[in-house]
Amino acid sequence: MAKFLTQEWADLYKEAINNNKAYEEAAKTWEGDFYFITEAGGPVKETLYQYIDLYHGKCRKVEMVKDPSKYKPEFTISAPYSIWKRMATKQLDSTKALITRQAKLTGNMAKIMRYVKAANELTNSTTQVPTEWLD
Amino acid sequence: MWTFSCPFIAYGDNALEYLAQIQGKKAFIVTDKNIVKLGLAKLVTDQLDTVNIKWEIFDEVEPEPSLETVKKGGIAVGKYQPDWVIGIGGGSCMDAAKAVIILLAKPDLQPDCIAASDTYNFRAKARLMAIPTTSGTGAEATWAIVLTDTKENRKLGLGTTECMPDVAILDPAMVTGMPPLITADTGMDVITHAIEGYVSTWGTSITEGPGLIACRKAFEYLLAAYKNGNDVEARKEMQNAAILGGMSFGNSMAGLGHSTGHAFGAIFHLPHGRTVGLFLPYTMEYLINGSEETTAKYAEISRYCRISSTGPDKECAKALVAKIRSLAKEIGQPLSVKDCGIDKAKYDEAIPGLIDRALNEVMTMTVTRVPGEEDLGKIFRYAYDGKNIDF
């Protein structure tokens with residue numbers, strides 16, 4: 001069991017993505033990196049940045065970053081903790097969260113929408129990580 | 001949180017007269033050459049003339065509008081600086097109008113970057129109106145924009161909730177001249193929207209209501225509208241069914257019939273309504289075979305539409321599928337891919353691409369039985385010969 005939004009959790013998430021064959025197949029041509037940003041609020045005292053580098057069906061890096069200027073990812077998705085938790089536990093579809101602006105995306109959404117299956121598998125990978133939630 | 005949105009709707013006889021009530025100085029009309037040639041754009045501009053609203057027509061929208069066409073429209077609208085953008089036509093023209101109005105606010109934006117998560121505030125400059133000349137896409141009541149990336153031969157599902165038209169005008173005068181084939185193609189689109197909107201996993205009782213009524217009206221009036229285009233009652237009810245279908249799936253999500261039909265249409269360039277209508281029965285059978293929840297919802301539709309009122313859910317749901325196929329046959333729609341005149345070898349060659357496209361549509365995920373690659377491949381193969389889905 002790893003605490004959500006810690007490096008330990010990030011390492012397990014990377015492992016879960018790399019063990020997900022369906023993700024590997026669906027994302028075999030994907031190239032792109034993200035900041036998953038958890039906005040300050042609730043149990044999250046200050047904004048947290050999780051860097052994720054995804055390349056050709058594999059996850060090359062998941063890193064909790066203190067200084068957001070460290071990377072310049074192609075995409076950012078930001079949302080409050082409660083929304084991330086609901087997406088990670090599949091109570092809220094990530095596309096639905098973007099449409100209703102509960103989560104905010106920067107970057108070319110059309111590119112992401114060509115990899116819906118892969119995005120869905122990323123969420124499935126999240127559910128494989130034994131998670132200690134912050135609330 | 002989820003939301004429901006729809007436009008202000010002026011409908012029925014002489015609904016175009018609503019144009020004489022709008023406030024504004026300049027209207028930019030997004031349409032196609034055929035709509036202009038048929039005199040349908042003139043019905044709109046005549047009304048604008050009565051209240052001294054100036055107008056300019058951009059008539060370069062093609063079926064399945066490309067990113068390039070939208071860019072051209074964006075340049076033209078930027079020069080004209082209207083306070084209304086009016087899409088007149090089928091889904092292609094209305095979708096193009098939605099994209100063009102965004103470019104009015106953000107001239108430097110690439111159309112394929114129109115994202116649901118962004119805010120464009122185009123209403124600071126102009127308002128959006130949709131006047132359909134077909135009864136099918138429901139685009140007058142949805143915020144989605146479907147554009148075609150001609151380089152990748154792929155349809156792009158774009159849009160933001162902001163793109164919901166402010167006003168939709170449904171005047172039967174705009175649709176009475178519609179030829180039977182287009183009536184049939186677009187009518188199948190209505191049925192597909194209504195059924196898929198009703199059973200969508202993103203649906204709620206708020207979206208089920210319009211979906212259910214749209215189903216009943218389409219089953220009651222599509223054949224009459226097809227047989228006699230001058231049957232004004234049938235035309236009006238199909239207009240109503242189309243917008244209700246749009247309100248249903250546009251506020252929930254369409255399903256597998258759309259994702260498979262979209263994929264097929266993108267590769268073989270057939271009309272949208274025909275392709276989604278073709279795949280609807282196959283995908284419904286697939287769901288009936290593996291989802292009691294969706295079967296029960298199909299049965300509800302079947303009972304409400306008086307197709308099959310007795311018997312267990314599965315029987316009623318299958319009666320609904322049979323009804324769709326018999327109606328499609330009566331209105332001259334293909335029941336299989338083979339009926340579309342597509343060569344088998346070419347189709348087989350395209351199947352990996354069809355699977356890839358369908359897998360990456362959100363609409364594949366909003367059903368209660370999400371198919372993987374293997375099942376999608378089988379659905380596509382069965383549809384070629386018109387074989388009922390038995391898995």
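Helices (H or I, at least four residues) and strands (E, at least two) are taken here as DSSP runs, numbered from the N terminus. With that in hand, G255(B) is easy to place: it sits in the loop between α7 (232–251) and α8 (256–268) of chain B. The model is a predicted one, so local features need pLDDT of at least 70 and side-chain atom pairs count only at pLDDT 80 or more, while totals for chains, interfaces and linings use all residues. Residues are numbered from 1 along each chain as its sequence is written, and chains are lettered from A and ligands numbered from 1 in the order in which they are written.

Back to that glycine. G255(B) has 34 other C-beta atoms within 10 Å and is therefore buried (20 or more other C-beta atoms within 10 Å of a residue's own; 12 or fewer is exposed, anything in between partly exposed, with C-beta atoms placed from the backbone). Contact is counted when two C-beta atoms, placed from the backbone, lie within 7 Å. Setting aside neighbours within four places in sequence, G255(B) is in contact with E196(B), V199(B), S200(B), T283(B), M363(B), T366(B) and V367(B). K33(B), 222 residues apart from G255(B) in sequence, is 32 Å away in space, C-alpha to C-alpha.

G12(B) tells another story. This glycine is found in the loop between β1 (8–11) and β2 (26–30) of chain B, and with 12 other C-beta atoms within 10 Å it counts as exposed. Its C-alpha atom is separated by 6.5 Å from that of P172(B), although their positions lie 160 residues apart along the chain.

Two helices of chain B can be checked against the expected span, which is 1.5 Å times one less than the number of residues. Helix α4 (residues 91–105) of chain B, with 15 residues, reaches 22 Å from its first C-alpha to its last, close to the 21 Å expected. Of those 15 residues, 14 are buried, so α4(B) is largely enclosed by the rest of the structure. Helix α5 (residues 180–199) of chain B has 20 residues that should span 28 Å, and its end C-alpha atoms are 29 Å apart, which agrees. α5(B) is mostly covered too, with 18 of its 20 residues buried.

α5(B) also packs against α9(B), at an angle of about 50° and with the axes 7 Å apart (axes are lines fitted to C-alpha atoms, for helices over the stretch in contact, and angles run from 0 to 180 degrees between N-to-C directions). That makes α5(B) oblique to α9(B); angles under 35 degrees count as roughly parallel, over 145 as roughly antiparallel, 65 to 115 as roughly perpendicular and the rest as oblique. The crossing of α5(B) and α9(B) is left-handed, meaning that the near helix is turned anticlockwise from the far one by less than a right angle, with clockwise giving right-handed. On the α5(B) side the contact includes D185(B), D189(B) and I195(B), and on the α9(B) side R274(B), V276(B) and L280(B) are among the residues involved. By class, this contact has 5 nonpolar, 5 polar and 3 charged residues (Ala, Val, Leu, Ile, Met, Phe, Trp, Tyr, Cys and Pro are nonpolar, Asp, Glu, Lys and Arg charged, and the others, Gly among them, polar).

Helix α9 (residues 272–290) of chain B meets a second partner, helix α14 (residues 373–385) of chain B, where the axes come within 10 Å and cross at roughly 130°. The crossing of α9(B) and α14(B) is right-handed. L278(B), F279(B), Y282(B), T283(B) and Y286(B) of α9(B) make the contact with I379(B), Y382(B) and A383(B) of α14(B). The residues there divide into 7 nonpolar, 1 polar and no charged.

In chain A, helix α1 (residues 7–18) and α6(A) pack at about 125°, their axes 8 Å apart. Y13(A), A16(A) and I17(A) in α1(A) meet L122(A), S125(A) and T126(A) in α6(A).As for the two chains, their contact takes 19 residues from chain A and 18 residues from chain B. The largest share of the side of chain A that touches chain B, 4 residues, comes from α4(A).
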